[in-house]
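Trainee: Please give me a close look at one part of this protein. I would like to follow its salt bridges and the pieces of chain around them.

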Amino acid sequence: MKIAAFNIIDSVEKNDIGYFENSVEFFKNKGFKVIVPENKMTDNKQEWIEKDFERIINRKPFIALPTFCKANEVNFIKKANWKKIKKSKVIFCGNSFITPFLNAISKFTSNEVLYGPNFISNFNLESKDDTYVSLIKKISIKHDIEEIQLNNPKFFGKKIVKGNLIGGEITSFLEMYKSGYISKVTKKDILLIDGIFKDKEDIKKIIFILKRYKILNKVKGILVCQSVIDNQEMLKIFLSEMQKIKKTNIAIGLKGMMSDEINILKLNKEIIINFKEFKILQ
């Protein structure tokens, strides 16, 4: 089986080469053939990265992960060859600022998309073996619905809610929401919110944009990663803002991009929030 690592904004930095090679060896030891990006020195680095991505996709890996994530991948998304991506049938996985690209893949192709580990960061942690097992389960053809393991969960709702999972790192998602590269939210969707909120102003800003884009009026439920609301004060502010718009069906406690062992979730697929039994299933 082939796994690919690809660059999306920049080449792997010198300080990260050792970590990158660790991840390559990790997957080789698991029996994978690893397709790696070419870190070429060129005056037009972005153009080279786009060509290198197509080279990687043409080799038809089973699954592809970004080496790492940086903001501002808008040019990469605009120049993506969606027909080739769709034809490749590659499963894509990643987190953080690759969120818009993952959601764009869901819009323009039928490829399976996971919000989960990146190639370098997540496979240089002590939890890498557990993350690997979770990843293999998720990409298995015979994958059954299972309960998502949460961190100090909190549920605010009264019924069982089923919906199509969208979102991820919320800042980059919202920055690209009006671009035409991300599907508009519908009443069938459940929104995943990951990221880092430094203070109450960050929370208020994000909720203001969610309201302005009329996203909160439509989604069936909201899943929030633990790192977003990491203390009681932030939780109180978040819930207070939600109560102002009478928004319920909120579950908090997923292990997101800042967790050692990230919850791996299928985007553009059904997810279930059981508020009666305090469970999330996919």
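Mentor: We will go through the salt bridges, then the chain beside them, then one domain and one strand. This is a predicted model, in which local features need pLDDT of at least 70, side-chain atom pairs count only at pLDDT 80 or more, and totals for chains, interfaces and linings use all residues. Residues are numbered from 1 along each chain as its sequence is written, and side-chain values use heavy atoms, without hydrogens or water.

How many salt bridges are there? The count comes to eight. A salt bridge here is a side-chain nitrogen of Lys or Arg within 4 Å of a carboxyl oxygen of Asp or Glu.

Take D129 and K30. They form a salt bridge, and their closest N and O atoms are 3.1 Å apart. The pair links distant parts of the chain, 99 residues apart. D129 sits in helix α6 (residues 128–139), and K30 in the loop between α1 (17–29) and β2 (33–35). Helices (H or I, at least four residues) and strands (E, at least two) are DSSP runs, numbered from the N terminus. Are the two ends buried or exposed? Neither label fits. D129 is partly exposed, because its relative accessibility is 36%. K30 is partly exposed too, with a relative accessible area of 36%. Buried means under 20% relative accessible area, exposed means over 50%, and partly exposed lies in between (1.4 Å probe, protein chains only).

Now go to K84 and E54. Their closest N and O atoms are 3.0 Å apart, and they make a salt bridge. K84 belongs to helix α4 (residues 82–88) and E54 to helix α2, so this pair ties together parts 30 residues apart in sequence. K84, at 35% relative accessibility, is partly exposed. E54 has a relative accessible area of 27%, so it is partly exposed as well.

Next comes K279 with E277. This salt bridge has its closest N and O atoms 3.5 Å apart. K279 is partly exposed at 28%. E277 is partly exposed at 49%. Salt bridges can also share partners: E38, D52 and R55 are joined into one network that way.

Now the chain beside these pairs. Helix α2 spans residues 45–58, and K60 lies in the loop between α2 and β3 (63–66). K60 has a phi near 55°, a positive value in a residue other than glycine. S96 also has a positive phi, near 65°, and is not glycine. S96 lies in the loop between β4 (91–94) and α5 (99–108). It counts as buried because its relative accessibility is 8%.

Helix α5 is mostly covered, with eight of its 10 residues buried. Those residues are T99, P100, F101, L102, N103, A104, I105 and S106. T109 is in the loop between α5 and β5 (113–115). With a relative accessible area of 10%, T109 is buried. The C-alpha atoms of T109 and K83 are separated by 7.7 Å, although the two are 26 residues apart along the chain.

Move on to residues 162–231. An unreviewed UniProt entry annotates them as "domain: LD-carboxypeptidase C-terminal". UniProt positions use the numbering here, names are shortened, and annotations may be inferred rather than shown by experiment. The end C-alpha atoms of that span lie 28 Å apart, and it is 30% helix and 27% strand.

Last, strand β11 (residues 265–267) contains L265. L265 is buried, at 1% relative accessibility. The C-alpha atoms of L265 and N44 are separated by 35 Å, and the two are 221 residues apart along the chain.
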